[in-house]
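Hi everyone, thanks for making room for me today. I'd like to walk you through one model, piece by piece, so let me put it up on the screen.

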Amino acid sequence: MLVLPDERVPIARLLSFLEQGERIAHICAKAQVALAPDATAQRFLTTQAKQEAMHAMVFQGAIAWL
């Protein structure tokens with residue numbers, strides 16, 4: 001995808017916003033593990049927290065690429 005020079009800052013801001021949302025989702029999922037009623041739910045939420053952290057890293061990488 002071609003990104004024009006004048007588009008980089010707005011796209012980076014959007015990606016930064018999405019990265020922050022993924023970090024919040026990671027923190028929430030991690031906190032929910034302690035509240036989960038059983039091992040299955042805990043395992044799901046642990047996996048979810050890891051995925052959210054990975055999404056945040058992908059957005060961070062995209063910002064660096066820009």
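Let's begin with one residue, L14. L14 is partly exposed, because its relative accessible area is 49%, and partly exposed is the band between 20% and 50%. It sits in helix α1, which runs over residues 8–35. L14 also has company: together with F17 and L18 it makes up a nonpolar patch on the surface, and the three add up to about 300 Å² of accessible area. Before I go on, please keep in mind that this is a predicted model.

Okay, now the helix that L14 belongs to. How far apart are the end C-alpha atoms of α1? They are 41 Å apart, and the 28 residues should span 40 Å at 1.5 Å a residue, so the two values agree.

Which residues of α1 are buried? The answer is A12, L15, E19, E22, A29 and V33. And what covers them includes the other helix I want to show you, α2.

If you're wondering about the spacing in a list like that, here's a handy bit of background. An α-helix has 3.6 residues a turn, so residues three or four places apart point the same way.

From that list, I'd like to pick out E19. It's in helix α1, and it counts as buried because its relative accessibility is 12%, where the cut-off for buried is under 20%. What does E19 touch, once we skip residues up to four places away in sequence? It touches A56, F59, Q60 and I63.

E19 has a partner in its own helix as well. It forms a salt bridge with R23, and the closest N and O atoms are 2.9 Å apart. Both residues lie in α1, four residues apart, which is about one turn of the helix. Is R23 buried or partly exposed? R23 is partly exposed, since its relative accessible area is 37%. So this salt bridge pairs a buried residue, E19, with a partly exposed one, R23. And how many salt bridges does the count come to? It comes to one.

Let's move over to α2. This helix covers residues 39–65, so to speak in plain numbers, 27 residues. From its first C-alpha to its last it reaches 39 Å, close to the 39 Å expected at 1.5 Å a residue. Its buried residues are L45, A49, E52 and A56, and they pack against α1. You've met A56 already, as one of the residues that E19 touches.

Have a look at the start of α2, too. There, a side-chain oxygen of D38 comes to within 3.2 Å of the backbone nitrogen of T40. Between those two in the sequence is A39, which lies in helix α2. A39 is partly exposed, with a relative accessible area of 48%.

Now for some distances, and these are all C-alpha to C-alpha. A39 and S16 are 23 residues apart in sequence and 33 Å apart in space. Compare that with G21 and Q51: they are 30 residues apart along the chain, and their C-alpha atoms are separated by 13 Å. G21 is in helix α1, and it is partly exposed at 35% relative accessible area.

Another residue of α1 to look at is I11. It is partly exposed, with a relative accessible area of 25%. The C-alpha atoms of I11 and L35 are 24 residues apart along the chain and separated by 36 Å. Which residues is I11 in contact with, leaving aside neighbours within four places in sequence? Those are V3 and L66.

Last stop: the segment before α1, where we find P5. Is P5 buried or exposed? P5 is exposed, because its relative accessible area is 66%, and exposed means over 50%. P5 and A25 are 20 residues apart in sequence and 31 Å apart in space.

To wrap up, α2 is part of what covers the buried residues of α1, and the buried residues of α2 pack against α1 in turn. On the surface we have the nonpolar patch of L14, F17 and L18. That's my tour, thanks for listening!

Technical notes:
Residues are numbered from 1 along each chain as its sequence is written. This is a predicted model: local features need pLDDT of at least 70, side-chain atom pairs count only at pLDDT 80 or more; totals for chains, interfaces and linings use all residues. Side-chain values use heavy atoms; hydrogens and water are left out. Patches are made of residues with over 30% relative accessible area and no salt bridge: like charges are joined within 9 Å, nonpolar side chains (Val, Leu, Ile, Met, Phe, Trp, Tyr) within 5 Å. Accessible areas come from the Shrake-Rupley method with a 1.4 Å probe; for residues, only the protein chains shown count as cover. A salt bridge is a side-chain nitrogen of Lys or Arg within 4 Å of a carboxyl oxygen of Asp or Glu. Buried means under 20% relative accessible area, exposed over 50%, partly exposed in between (1.4 Å probe, protein chains only). Contact means heavy atoms within 4.5 Å. The expected span of a helix is 1.5 Å times one less than its number of residues. A polar contact is a pair of N or O atoms within 3.5 Å; within protein, one must be able to donate a hydrogen and the other to accept it, and residues adjacent in sequence count only if both atoms are side-chain atoms.
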